[in-house]
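Q: Please take a close look at a single part of this structure. Describe how that part sits among its surroundings and how its charged side chains pair.

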Amino acid sequence: MILNKYMQNKKDISAVGGYGNLDILKILLALLIVLRHIGQWFLSNNVFWHVYIINTISTIGVTSFFIMSGFLLFRKPVGKERLKKQILRILKLYGCWTIVYLPLDIYKYLKDGLNLSQAIVDFGQKAIFDGTYYHMWYLPSLIVAICVVYIMKNRRCILIAVTAGLMIIGILTDTYGISFPKIYYTIFLTTRNGLFMGSFLVAIGKCLADYESKLKNLKKWKLILPVAIAALYVEGILISKFDSERIINIAFTTVIVSIILVTLMIGLPQIKASKNVRNMSTVIYLCHPCIMVTINLSDHLGFFLNAGVKAFISMTMSILVALAVVKLSNKFKIIDNFM
């Protein structure tokens with residue numbers, strides 16, 4: 001979900017009139033991800049929320065971000081210098097938000113009783129193979145995904161075949177519970193990463209960029225979208241019935257819905273969107289867990305709020321904080337590093 005600023009410079013965007021539809025979609029999907037994490041934090045015992053929000057519609061958030069990032073990056077030729085520039089931008093964003101969440105990581109290590117050496121090894125391993133905080137897995141995964149796609153960018157058929165195979169393995173292991181040998185998880189921790197769950201989506205984004213001029217002829221896909229969403233609910237409900245404790249990150253139908261949704265948004269006439277709109281989804285996505293942790297502290301302070309109130313405050317504060325950060329970035333340029 002790196003925004004236009006990180007996947008395409010301002011000059012490139014203005015050259016084609018911008019992608020306001022994607023900017024608005026990013027805001028909505030970022031809020032959907034907030035809703036997903038609200039459910040996991042405050043409504044984990046609510047079966048309806050778990051099945052009909054967390055394990056179904058909310059899974060299209062990060063999946064769509066991968067596709068949009070691939071589309072924005074590969075709209076223009078990508079050489080070694082441009083690839084390096086994008087990776088450095090993502091790393092800077094990752095580093096800045098890692099510092100923000102470092103106190104929470106330290107608190108967790110202290111709570112779990114890990115000594116300094118254990119904490120350092122665990123933190124380093126997560127930073128490379130997963131994410132320094134649970135929602136930030138997307139950033140290192142995006143780096144891996146765009147590198148995989150870059151390596152095979154001139155061999156489209158091979159690219160799609162290889163990355164589709166990797167995606168199938170990723171979904172079967174992460175969503176359906178088919179495990180790799182234990183040694184894999186000891187080193188790489190998870191298959192929810194850029195290799196297995198990001199590379200195919202970024203490759204799809206590249207294909208959308210390659211055939212962008214033809215996407216306007218796919219407006220009838222809007223008739224297919226509701227059918228795809230219905231299929232997403234069927235798959236999510238079936239998995240939840242088989243394993244009521246499982247949390248779905250990406251399902252097979254998630255990929256289909258995300259592809260159709262992003263394709264439609266690219267093909268439709270573009271609306272105008274400001275730089276602030278483009279930046280808001282990044283801040284909403286990256287700041288909301290910190291807000292939820294803060295709100296959850298109310299119980300320790302003697303303010304016992306029910307789950308619904310906590311959920312409402314979390315959503316509202318995520319939006320307000322994002323607005324404040326974007327506004328302050330106009331005065332304090334250092335804040336640009338967090339967007």
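A: A residue is called buried under 20% relative accessible area, exposed over 50% and partly exposed in between, using a 1.4 Å probe and protein chains only. The model is predicted: local features need pLDDT of at least 70 and side-chain atom pairs pLDDT 80 or more, whereas totals for chains, interfaces and linings use all residues. Residues are numbered from 1 along each chain as its sequence is written, and side-chain values use heavy atoms, without hydrogens or water.

The part chosen is helix H12, residues 199-210 (helices are DSSP runs of H or I, at least four residues, numbered from the N terminus). Its 12 residues should span 16 Å at 1.5 Å a residue, and the end C-alpha atoms are indeed 16 Å apart; the expected span is 1.5 Å times one less than the number of residues.

Of these 12 residues, 11 are buried, so H12 is largely enclosed by the rest of the structure. Among the buried ones are Phe200, Leu201, Ile204 and Lys206. The buried residues pack against helices H5, H8, H9, H11 and H14, where contact means heavy atoms within 4.5 Å.

Asp210 counts as partly exposed because its relative accessibility is 32%. Arg156 is likewise partly exposed, with a relative accessible area of 35%. Between the side chains of Asp210 and Arg156 there is a salt bridge of 3.2 Å, N to O (a side-chain nitrogen of Lys or Arg within 4 Å of a carboxyl oxygen of Asp or Glu). Since Asp210 belongs to H12 and Arg156 to H9, the pair ties together parts 54 residues apart in sequence. The structure holds six salt bridges.

Key:
Helices (H or I, at least four residues) and strands (E, at least two) are DSSP runs, numbered from the N terminus.
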